[in-house]
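Let us walk through this structure together, one piece at a time. Have the sequence and the 3D view at hand as you read.

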Amino acid sequence: MELHTLKPAAGSVGTRKRIGRGPGSGLGGTSTRGHKGAKARSGYKKKIGFEGGQMPLQRRLPKFGFKNINRVEYKAINLSTLQALAEKQNLTKIGVEELVAAGFISTSQLVKILGNGELTSKVDVQAHAFSKSAEAAIVAKGGTVTKL
C-alpha cells in the first residue's frame, strides 16, 4: 500500500447533484421540482401540519378537555414516609423545612399529607393540606395538625 494507491471505500463517496445547470446535465428544466404548483416556486415553505390540502389532523379531531386555571398542585406525602423520617432523624415535629431537607419536596412545592401507611409515634405535622384519614391518624396518636 502506497499513498498514490489509496482510494475511499466503494460507494462511500458520491458526487453532488448539480441541479438546474442546463439540459445536458439531465437535471435542468424543472430542476427535479415537477411542473407548476407551490412546491415548484421559489420561496416555498411548507406550513407546520400542512397535509397537501387534505384536512389536517389537528382540525379533523374534536376539541378535547380544558385546563382549570384555579388548580392547585400538591406533592403527596404519605404517613408511612413521615413515620420513616421521624424514626430516621428522631423528630417529633415535621414541617415543610424538614421535608425539603430530606429531599422529598422542593421549596416551591405545596405539600398534602395522605393517610397511606401507619403512624406509630406522636408527631406534630405542618403542611399545606391534609386528607381526612391522615388528619385522623395523626390526632389519634396524640400529634397536632397545622395547616400553612
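**A walk through the fold**

Start at Lys122, which touches Thr92, Lys141, Gly142 and Gly143, not counting residues up to four places away in sequence; contact here means heavy atoms within 4.5 Å. You will find Lys122 in the loop between strand 3 and strand 4. Helices (H or I, at least four residues) and strands (E, at least two) are DSSP runs, numbered from the N terminus. Lys122 and Leu91 are 31 residues apart in sequence, yet 9.5 Å apart in space, C-alpha to C-alpha.

A word on how to read all this: the model is predicted, so local features need pLDDT of at least 70 and side-chain atom pairs count only at pLDDT 80 or more, while totals for chains, interfaces and linings use all residues. Residues are numbered from 1 along each chain as its sequence is written, and side-chain values use heavy atoms, with hydrogens and water left out.

Now look for the sheets. Strands of a sheet pair through backbone hydrogen bonds, either parallel or antiparallel. For our purposes, two strands pair if DSSP finds at least two bridges between them. One open sheet has three strands in the order 1-3-5, with parallel pairing. Strand 1 (74-78) and strand 5 (129-130) stand at its edges with a single partner strand each, so one side of each has no neighbour in the sheet. Strand 1 is joined to strand 3 (residues 110-114) by five bridges. Here Tyr74 has Leu110 as its bridge partner, and Ile77 has Ile113. On the other pairing, two bridges join strand 3 to strand 5, and Lys112 stands opposite Ala129.

Which way do the side chains of strand 3 point? In a regular strand the side chains alternate between the two faces of the sheet. Along strand 3, Val111 and Ile113 point to one face and are buried, whereas Leu110, Lys112 and Leu114 point to the other and are not. Buried means under 20% relative accessible area, exposed over 50%, and partly exposed in between (1.4 Å probe, protein chains only).

Ile113 leads us to the core. In soluble globular proteins, nonpolar side chains tend to be buried together. A nonpolar core is a set of buried Ala, Val, Leu, Ile, Met, Phe, Trp, Tyr and Cys residues joined through side-chain atoms within 4.5 Å. The largest one in this model has 18 residues, and Leu82, Leu99 and Ile113 have the most contacts inside it. Two or more residues each come from helix 2, helix 3 (96-102), strand 3, strand 4 (124-127) and helix 4 (132-140). Helix 2 gives the largest share, four residues. Leaving aside neighbours within four places in sequence, Ile113 is in contact with ten residues' worth of company that includes Ile77, Leu82, Val125 and Ser131.Ser131 sits in the loop between strand 5 and helix 4. Ser131 counts as buried because its relative accessibility is 15%.

Finally, turn to the other open sheet, whose three strands have the order 2-4-6, with parallel pairing. Strand 2 (93-94) and strand 6 (145-147) are at the edges, each with a single partner strand, so one side of each is left without a neighbour in the sheet. Three bridges pair strand 4 with strand 6, and Ala127 has Lys147 as its bridge partner.
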